[in-house]
Amino acid sequence: MEEIITENQVQGKKKNGGRAVSILLPIFSFLAVLLWRSYDWVQSQWSELTMDEIIFELTAPLEGTGNNMIEDYMLRALLPALLFAALVILLVVLFRKKNHYRLIARLCTAAAAVMIVSILVLFAKKVQLIDYIKNRNTVSDFIEKNYADPAETKLTFPEKKRNVIQIFLESMETTFTDEANGGAFSTDVIPELTALAKENEDFSGSSDLLNGGISMPGTTWTIGAIFGMTSGLPLNINIERNSMSAMTSFFPQITTLGDILQDQGYRQVFVLGSDATFGGRRLYLQQHGDFEFRDYVYAKEQGIIASNYKVWWGMEDEITFNLAKETLTELAAGDQPFNLTLLTVDTHFSDGYVCRLCGNEHDEQYSNVYSCSSRQVKELIDWIQSQDWYENTTIVLTGDHPTMDADYCSDVPDTYTRRTYTSYINSAVEVADPDRRREFSTFDNFPTTLAAMGVEIEGEKLGLGTNLFSNVDTLSEQFGVDTVKSEVSKKTDFIEKLEQLDPETEAKVEKYGNVRIRSTTYDMKHGWISISTDDFDIPEDEPVKYIRLKIWVIKGGQQIRRWIQTKPLTDGGYYTTFDPLKDLDGYPTIRYQFVIKFKDGTSYNLGPEGTLRNLPGHTFYEDEGTGDLNAMDMIGEDEEM
C-alpha cells in the first residue's frame, strides 16, 4: 500500500507540474510579446524618455491624450500580445498530452522569461533607471541653497502694468535653423522664427548664432516645461508620495508667475488645441493663477468646432490661433491687464500634424510641419503688432522642450547642444550688456518674463532662475550646465516639502475652511451682492495681505469671474458689497468663495464655496449661520431694499 501511494504522489507532482507550465507559458508569452512590442513602440516614439516623465505621467490624468497614442499602442503592442497569448493557449490545449510536451513547454517558458528580463534591462538602460535610482538616493541641498522664494522677494510693477502674451511652441528648438544661424540643419526649417529671434531678444549678445534655453531634468516634457518656466523649479516628484498621485494639489506651497500676476489683478487665459486636463495642466494653472481655459473642450462647447471634431490632439493650430485672436480682442477691451498663455500642438512628435496650410518644401513631413508652424506664428505676431494695445504688451516666444521624436534629430552630432527656441518681443527693458551671450536654462524664463514686463526684481532672481536682462550670473553660468543638471536630478527634502501640504498648512486649510458664512443678500436685477462671514481669529504673527471674494458663473464649461475686495465688520468677520454685477444676470447659478491671503504668500479658502440661485428680479437671503440658501423674501423688479 505504501508503494502505491508513493507512485500516486509522483504522478500527482507530474500533473501539477504540467498544469503549472500550462498556466505560466501563456502568461510569460503574453508578457514577453507585450514588453517587446512596448519597447519597440517607445523606441519609435521617443528619442529620450526620462523616469521623471514616466513617474509624473503615471500619476497625472490621461484624460485628453491625443495623437491617437493610446489607440496606436493598443494596436502595436497590446493586441499582438493578446493574439500571441491566445495562440499559445490553443497550442497548449492541442498538444498538452503529446510526447515531450512538458519539456518543450518548459523550454519555451524559460525562453520567454529570459526575453522578459532582457527587455526590462534594455528599457532600464533607455530611461537611465540606474542613474535615476542613484540620484533619488543621493540627497542634495543645491535647490534649497539657490532658491529665491518669490513670496519673499520684492517685486515692483510699473504704474501702468503691461500685458503679456506667452506662446509655448511645442517641441521647438534652435536646432532647426541652419548652421549659419547656430542650428544643426543644412536648411533653415523655421526661417520666420529665426528672423524674429534675431530682430528681437534671444540673449545671444553680439553673436550671430541663435541662443536658447537648456531643458533641465524635470522640464523635458510639456507640463514639466511650463512648470519650470513659470516657477523656476524642476517637476520632480517621488512615486511613493500620494499628494501628486491623487492630483488634488499641485505644489501648493510655491509662488509662481500665475500667482504673482493674479495678485496684481491680471486676467489670465490659457488657450490651447488639446484638452487642458491632460498631464495636470488645468490643475496647475487653476491653483496657481486661477486661469480661464479655452481649449479643445471649450471650442466644442462654444460651437467653434463640431462636437465630434478631432484631429491630432484635438484641433489644429490654425483654429487655436484664431481663437487666440478672438480672446485677445476680448481681453484688450476689458479694464484689467492680461496674461494670455498659448500652447501650440501641431509640432508634437511623432512627425507632427500636416494641416491644410502646410507646404511640401522639404523631404521630411516633420520639417514641413515645423515650417508651417513658423509661418503661422509669424502671422499671429504680425497681427498682434498691428493692434492698438500692442504698445503696452510684451510677447514671449519659447519652445517648451526639445522634440522627443525618435529619429528627427538622429543626424545631429552628440557634441551639439540642443536648446529651446527663445525670443522676447517688445520688452520694457534692454539687456544690461548687449554684447554678452548668456548661458541659461528654461528656469531663467520665470524672472526674465517679469523683467520684460517692466517689473523690478530685488536680487534679479526668482526660483532657480535669473533675470537675463540683468548682468547677474545664471546658475548655469555660475556652476556649469552639467553640474546644475546633476544637482537638480538628486533627491531633495526641499522639493518634497513644497510638493505637499505640511501638517501646519493642513490645519490652516481646515481652520479657515470651517469659517461660516453669516449672510448673503443679492439682487442681480439691480446688480449688487453683499456677503459676510462670521468672526474668526487671525494670529497677530500672520499679517493678512488681503481677503477677497471670488464670484463666478459657468458659461460653456468656462468660468467668467470677478474678484472683489472685502472690508472688516465692526463686530468681527468680513463682508463685501459690490455693484454692479448686471453682466452676470441671466445665469441660473452664481458661485462664490472667500479667499484669505497672507503676506508670506500662502492663501486659503475662507469658508465653504457657496451657490446663489439667480432668479431675475428676485432677492434671496441666506439663513443666518446655516450656509443654506432659502427664499426668505422676494423683491419685485421695481422694489428697493
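This is a walk through the fold of one protein chain, from its overall make-up to a few local details. The model is predicted, so local features rest on residues with pLDDT of at least 70 and side-chain atom pairs on pLDDT 80 or more, while totals for chains, interfaces and linings use all residues. Residues are numbered from 1 along each chain as its sequence is written, and side-chain values use heavy atoms, with hydrogens and water left out.

Let us start with the chain as a whole. It has 18 helices and 21 strands; these are DSSP runs numbered from the N terminus, with H or I over at least four residues for helices and E over at least two for strands. Of the 641 residues, 54% are buried, where buried means under 20% relative accessible area, exposed means over 50%, and partly exposed lies in between (1.4 Å probe, protein chains only). The accessible surface of the chain is about 29200 Å², and carbon and sulfur atoms hold 52% of it; such areas come from the Shrake-Rupley method with a 1.4 Å probe, and for residues only the protein chains shown count as cover. Among contacts with a separation of 6 or more, 72% join residues 24 or more positions apart, a contact being heavy atoms within 4.5 Å.

Now turn to the sheet. Its 7 strands form an open sheet in the order 3-8-7-2-6-4-5, with mixed pairing; two strands pair if DSSP finds at least two bridges between them. The edges belong to strand 3 (212-213) and strand 5 (292-294), each with a single partner strand, so one side of each has no neighbour in the sheet. Further in, strand 4 (residues 267-272) and strand 6 (residues 338-343) run parallel and are joined by 6 bridges. Phenylalanine 270 has threonine 341 as its bridge partner in strand 6.

Two helices that pack on this sheet are worth finding next. Helix 8 (residues 222-231) touches strand 2, strand 4, strand 6 and strand 7 (393-399), and its direction makes about 145° with that of strand 2. Helix 12 (residues 317-332) touches strand 2, strand 4, strand 5 and strand 6, and makes about 175° with the direction of strand 6. For these angles, axes are lines fitted to C-alpha atoms, for helices over the stretch in contact, and the values run from 0 to 180 degrees between N-to-C directions.

What does strand 8 pair with? Strand 3 is joined to strand 8 by 2 bridges, running antiparallel, and glycine 213 stands opposite threonine 420 there. Strand 7 also runs antiparallel to strand 8, with 4 bridges, and leucine 397 finds its bridge partner in serine 423. Strand 8 (residues 420-425) is mostly covered, with 6 of its 6 residues buried. In a regular strand, side chains alternate between the two faces of the sheet. Here Thr420, Thr422 and Tyr424 point one way, while Tyr421, Ser423 and Ile425 point the other way, and all are buried.

A good residue to click on is glutamine 166, in strand 2 (residues 163-169). Glutamine 166 is buried, at 5% relative accessible area. Leaving aside residues up to four places away in sequence, glutamine 166 touches Thr230, Leu257, Asn339, Leu340, Thr341, Leu342, Val396 and Thr449.

One of those contacts, Thr449, is among the buried residues of helix 14. Because 8 of the 8 residues of helix 14 (residues 445-452) are buried, this helix is largely enclosed by the rest of the structure. Glycine 454 follows helix 14 and has a positive phi, near 90°.

The loops hold some backbone details too. The peptide bond from phenylalanine 349 to serine 350 is cis, with omega near -5°. Serine 350 lies in the loop between strand 6 and helix 13 (365-385), and aspartate 351 has its place in the loop between strand 6 and helix 13 as well. Aspartate 351 is not a glycine, yet its phi is positive at about 70°, and the residue is partly exposed, at 34% relative accessible area. Glutamate 460, in the loop between strand 9 (456-457) and strand 10 (461-462), has a positive phi near 65° and is partly exposed, with a relative accessible area of 24%.
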